Number of protein chains: 2
Amino acid sequence: MATPLKLHIDRSSPVPLYHQVVQGIEAAIHGGTLPAGTRLDNEIDLAAQLNLSRPTMRKAMDELVRSGLLVRKRGVGTQVVSSQVRRHLELSSLFDDLTRTGSKPQTEVLSFSHVDADEPTREALQLGTGARVYHFTRLRSVDGKPLALMENSVRDDITDMDESGLAKRGLYEILRTAGVNFRLANQRIGAVTANEYQAKLLGTEVGAALVTMERTAVDDTGRAVETGRHVYRADSYSFEMTLVQR
Amino acid sequence: MATPLKLHIDRSSPVPLYHQVVQGIEAAIHGGTLPAGTRLDNEIDLAAQLNLSRPTMRKAMDELVRSGLLVRKRGVGTQVVSSQVRRHLELSSLFDDLTRTGSKPQTEVLSFSHVDADEPTREALQLGTGARVYHFTRLRSVDGKPLALMENSVRDDITDMDESGLAKRGLYEILRTAGVNFRLANQRIGAVTANEYQAKLLGTEVGAALVTMERTAVDDTGRAVETGRHVYRADSYSFEMTLVQR
DNA sequence: GTCAACAGTATGTAAGGACATATTTACATC
DNA sequence: GATGTAAATATGTCCTTACATACTGTTGAC
């Protein structure tokens, strides 16, 4: 059992009850009353504590789950994921796009190692000192044309990985097969100009525009599974998305 | 009244009923059975047609609204927005970010005109030949440092616009004040290298990396209100987002 | 001692009813 | 004829109830 979640619900307010709950829990998470990892009481108890029906409570939690603040697991319970998420958003999948559009992506593994995680990686994956990760770089091509240069680190307590598997299957496919259920990812998209190394591998010129993407993905248990930095040829790749206002 | 929406609901399927409805309507929209702009029957009738309860029907429509395929308006009805949206996603607001972080953005209006829309603009905003739009370019700076170069077109049947208003208030603020309720936007993020014009205005060098963003925004009535192309200095701007898996 | 069945727990799905509120349309009043 | 009000319509919110299903831990049989 966790804290009884002291929220004030004002039934005379024009603000819908479920939204009051959302705001209250959001505030509690951002304010530190509910630190990351906290287990909430079950829906029925929570509803009773606030004198709400379960559907109303559930609708509130639905929103919080969608916005990435909470994670639910059937038969288990609900947990606070992160207090970092600033805003509700979602986005399309990533390179799975390629296979969906019918193209046949090819992957060349440029390097592969099982090493002690360096400091930035440990921070991104929330690992302690001395933790080991798989670290590798890949070059992805479509129709023989190089498209993306990808550097990734994956925690090593999920599944064994090897070079040949990475060449045949996408990283996410491998991890999903290993039982990982991805729930959310933090991404940052920017731009750089190609250095000599990147230009050579991507078949373009030094100084050409590249799209960069850094990402850390979290699974349904709340642990950070994978972090990486990708660069794409700007002339053949861009991120397309549809944003929905709530 | 619209078409009675012939969907097959299999109550013995392990797929939840509401999700069967989502899939069915999604398919109908993508398949052209429900073209953009179609008015659906009201929730109660639809539920009755499929022998479902209203909450179940509503849950299905909730998802479709969230994914951007449908638009609901209280007291009015539900409408198909677009068949283009391929995937559920959302994202943070845009340059409002700046004011939220406490910075004081400044805007310089570089050009402003009320002109016949050119072909790409007409297509983006779904306007007929001869339609007129406001077209303008702005330079946004933070703490005196130029950050973004923005080119936009806005349909002219919403509100009168002028140069001085744009310098003082954000575009979205102006449009919202004019009664526009934004519902969704299509965005594409990429990269280019700065040309001479861009370099000069953004205070950087020719060949520097820039982040590009093209966007078309749609309001709750389903009409495309605004379209634009922005470029940002890559060394001081990137798009950060949290993706949530459903 | 190992493994399988079972009970407990928490979320997932679904139904049905009731009332609130925003929008539009039609009507009645001034 | 203009204006304000009321009815009709459709979505928004909320409650009660019921059963399904996934996961965990414990108990019991072999």
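In this predicted model, a polar side-chain atom of Arg58(B) lies 2.7 Å from a phosphate oxygen of DNA strand D. Chain A reaches the phosphates of DNA strand D as well: a polar side-chain atom of Ser53(A) is 3.0 Å from a phosphate oxygen, and a polar backbone atom of Leu17(A) is 2.4 Å from a phosphate oxygen of that strand. The elements that contribute two or more residues to the surface near DNA strand D are α1 (17-31) and α3 of chain A, together with α2 (43-49), α3, β2 and β3 of chain B.

Taken as a whole, the surroundings of DNA strand D comprise 25 residues, of which the closest are Arg11(A), Leu17(A), Tyr18(A), Thr56(A) and Arg58(B). The element that gives the most to this surface is α3(A), with 4 residues. By residue class, the surface near DNA strand D divides into 7 nonpolar, 8 polar and 10 charged residues. On the DNA side, 73% of the atoms of DNA strand D within 4 Å of the protein belong to sugar or phosphate, while the rest belong to bases.

We can now turn to the other DNA strand. DNA strand C is surrounded by 25 residues, and the closest of these are Glu43(A), Arg58(A), Arg11(B), Leu17(B) and Thr56(B). Of the atoms of DNA strand C that come within 4 Å of the protein, sugar and phosphate account for 72%. Particular side chains illustrate how the phosphates of DNA strand C are approached: a polar side-chain atom of Thr56(B) lies 2.4 Å from a phosphate oxygen, a polar side-chain atom of Tyr18(B) lies 2.9 Å from a phosphate oxygen, and an N or O atom in the side chain of Thr78(A) is 3.0 Å from a phosphate oxygen.

The surface near DNA strand C draws at least two residues from each of α2 (43-49), α3 (54-66), β1 (70-73) and β2 (77-80) of chain A, and likewise from each of α1 and α3 of chain B. The largest share, 4 residues, comes from α3(B). The residues of this surface divide into 8 nonpolar, 7 polar and 10 charged.

Helix α1 of chain B, which is among the elements that supply the surface near DNA strand C, deserves a look of its own. This helix runs over residues 17-31, and its 15 residues, at 1.5 Å a residue, should span 21 Å; its end C-alpha atoms are 21 Å apart, so the model agrees with the expected span. Residues three or four places apart in an α-helix point the same way, because there are 3.6 residues a turn. The buried residues of α1(B) are Gln20(B), Val21(B), Val22(B), Gly24(B), Ile25(B), Ala28(B) and Ile29(B), and what covers them includes α3 (54-66), β2 (70-73) and β3 (77-80) of chain B. After α1(B) comes Gly32(B), which has a positive phi, near 95 degrees.

The strands β2 and β3 that help to cover α1(B) also belong to an open sheet of 3 strands in chain B, with the order β1-β3-β2 and antiparallel pairing. Because β1 (39-40) and β2 of chain B stand at the edges, each with a single partner strand, one side of each is left without a neighbour in the sheet. The antiparallel pairing of β1(B) with β3(B) extends over 2 bridges, and within this pair Arg39(B) stands opposite Gln79(B) in β3(B).

Further along chain B, strand β5 covers residues 132-142, and 9 of its 11 residues are buried, so this strand is largely enclosed by the rest of the structure. Strand β4 (residues 105-116) of chain B runs antiparallel to β5(B) and is joined to it by 11 bridges, with Ser111(B) standing opposite Thr137(B) in β5(B). Strand β5(B) also pairs in the antiparallel sense with strand β6 (residues 145-155) of chain B, here over 10 bridges, and the bridge partner of Val142(B) in β6(B) is Lys145(B). The hairpin formed by β5(B) and β6(B) has 2 residues between the strands, and Asp143(B) in the turn has a positive phi of about 55 degrees.

For chain A, some overall values complete the picture. Its secondary structure comes to 8 helices and 9 strands, and buried residues make up 49% of the 246 residues in chain A. Among the contacts in chain A with a separation of 6 or more, 56% are accounted for by residues 24 or more positions apart.

Methods. Residues numbered from 1 in each chain as written. Chains lettered and ligands numbered in written order. Predicted model: local features only at pLDDT ≥ 70, side-chain atom pairs only at ≥ 80, totals over all residues. Heavy atoms only, no water. Expected span 1.5 Å × (residues − 1). Buried < 20%, exposed > 50% of the residue type's maximum accessible area, 1.4 Å probe, protein only. Contact = heavy atoms within 4.5 Å. Near = heavy atom within 4 Å. Polar contact = N/O pair within 3.5 Å; in protein donor to acceptor, adjacent residues only side chain to side chain. Nonpolar A, V, L, I, M, F, W, Y, C, P; charged D, E, K, R; others polar. Pairing = 2+ DSSP bridges.
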